[in-house]
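The following note is offered to a colleague who wishes to examine the model alongside its sequence. The points are numbered for ease of reference.

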Amino acid sequence: MRVFDDRHRAIDFAAPPRRVVSLVPSDTLNIAALGCGAALVGRTDYCELPTGIAASVPSVGGTKNPHIDDILSLSPDLVVANQEENTKGDLEALAQRGVRVYIAFPKRVADGLAHLAKLARIFGVAHDVAVHDLLKRGYEEHRAAERARERVRPVRVFCPIWMKPLMTIHADTFISDMLDLCGAQNVFADRVRRYPLAADLGQAAALPPEAIRDRDVRYPRVTLEEVIERAPELILLPDEPHPFTLEDSAVFRALPVPASKTHHVVPTSGKDLCWYGARSIEGIARVRSLVLSCSAIGSGLDLH
């Protein structure tokens, strides 16, 4: 069987992989959700779920700094990676040593569900009843959210992902698509990251596109003044990748924006916002409920 990863690389499988190292926390959960957790022989420090996998499968380091020799010592017949979470150098080092590397990069919730379906094919479980039901439920949740979104005015949302420096998300990200799907409008959807840092903060001229080349511009560094100008009605503070604290929350509650005036500065699960695949199937409904419950326009609406 031949599949193409999100880098459009053809990967051939004569049989389902039996020794897998996952360098992506959401994919560790995905593989387990497909009933293939027994194939996992390595994971990262951040692969917290399922807890049984985290407890029984050895770690090979972080997502940005995995121990290549440790991975090789496990003799994997597949390494599951992510273009954004893992570094190009590490993945190239594995590929050069003859390791088969599958690279995912979903930017939309629907892409994450399609990725889960592709993993089911790779592991040879696409026709299992439980897997079929899982994927069906995922697409049903996605369609239900799309229908609900059409009936309401989007809630203007600010969702930071880091505090110092203050960083947020452009429209071309998985988190922004999850918010949009669930009835929220990302107030920084049109804001790209500018280089250098001073330009991103409005203190210098930005480099021209040809000087930026392939740098990621989807995670802008913004100022509190910009947040005020964008007037969010809801501020969501996820617990990852940055664990926002009560002190952080107080900073946003003090801003003269609709969200603070209506007490809609709220913590939420980062996994629900950015873990693609199996976690999204559960996360969609939770994010929808949170967005609607924190908005005056959401009262009395049927979430289903």
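1. Helices (H or I, at least four residues) and strands (E, at least two) are DSSP runs, numbered from the N terminus. By this assignment the protein chain has 14 helices and 10 strands. The model is a predicted one, in which local features need pLDDT of at least 70 and side-chain atom pairs count only at pLDDT 80 or more, while totals for chains, interfaces and linings use all residues. Residues are numbered from 1 along each chain as its sequence is written, and side-chain values use heavy atoms, with hydrogens and water left out.

2. Overall dimensions. The radius of gyration, taken over C-alpha atoms, is compared with a globule rule of 2.2 Å times the number of residues to the power 0.38. For 304 residues a compact globule would have a radius near 19 Å, and the 20 Å of the protein chain agrees with this. Along the principal axes, the C-alpha atoms fill a box of roughly 60 × 45 × 35 Å. Buried residues (under 20% relative accessible area; exposed is over 50%, partly exposed in between; 1.4 Å probe, protein chains only) make up 52% of the 304 residues.

3. Positive surface patch. Lys136, Arg143, Arg147 and Arg151 form a positive patch on the surface. Patches are made of residues with over 30% relative accessible area and no salt bridge, with like charges joined within 9 Å. Arg143 belongs to helix H6 (residues 129-149) and is partly exposed, at a relative accessible area of 42%.

4. Salt bridges. Side chains of opposite charge can pair when their charged atoms come close. The criterion here is a side-chain nitrogen of Lys or Arg within 4 Å of a carboxyl oxygen of Asp or Glu, and the count comes to 19 salt bridges. One of these joins Asp177 and Arg108 (3.8 Å, N to O). Asp177 lies in helix H7 and Arg108 in the loop between strand E6 (101-104) and helix H5 (109-122), so the pair ties together parts that are 69 residues apart in sequence. Asp177 is buried at 15% relative accessibility, whereas Arg108 is partly exposed at 29%.

5. Further pairs. Lys271 and Glu240 meet in a salt bridge (2.9 Å, N to O). This pair links distant parts of the chain, with Lys271 in helix H13 (residues 270-274) and Glu240 in the loop between E9 and helix H11 (246-253), 31 residues apart. Lys271 is buried, with a relative accessible area of 11%. Asp272 and Arg279 form a salt bridge as well (2.8 Å, N to O), and both of these residues are buried. Lys107, Arg108, Asp172 and Asp177 are joined into one network by salt bridges that share partners.

6. Cis peptide bonds. Where do cis bonds involving Pro165 and Pro196 occur? Lys164 and Pro165 are joined by one, with omega about 5°; Pro165 lies in the loop between strand E7 (155-158) and helix H7 (174-181). Tyr195 and Pro196 are joined by another, with omega about 0°, and Pro196 lies in the loop between strand E8 (184-186) and helix H8 (197-200).

7. Positive phi angles. Ala231, although not a glycine, has a positive phi of about 50°; its place is the loop between helix H10 (224-230) and strand E9 (234-238). Ala231 counts as partly exposed, at 28% relative accessibility. His263, also not a glycine, has a positive phi of about 60° and is exposed at 69% relative accessibility.

Terms used:
Patches are made of residues with over 30% relative accessible area and no salt bridge: like charges are joined within 9 Å, nonpolar side chains (Val, Leu, Ile, Met, Phe, Trp, Tyr) within 5 Å. Accessible areas come from the Shrake-Rupley method with a 1.4 Å probe; for residues, only the protein chains shown count as cover. Lys and Arg count as positive and Asp and Glu as negative; His and the chain ends are not counted. The place of a charge is taken as NZ of Lys, CZ of Arg, CG of Asp or CD of Glu.
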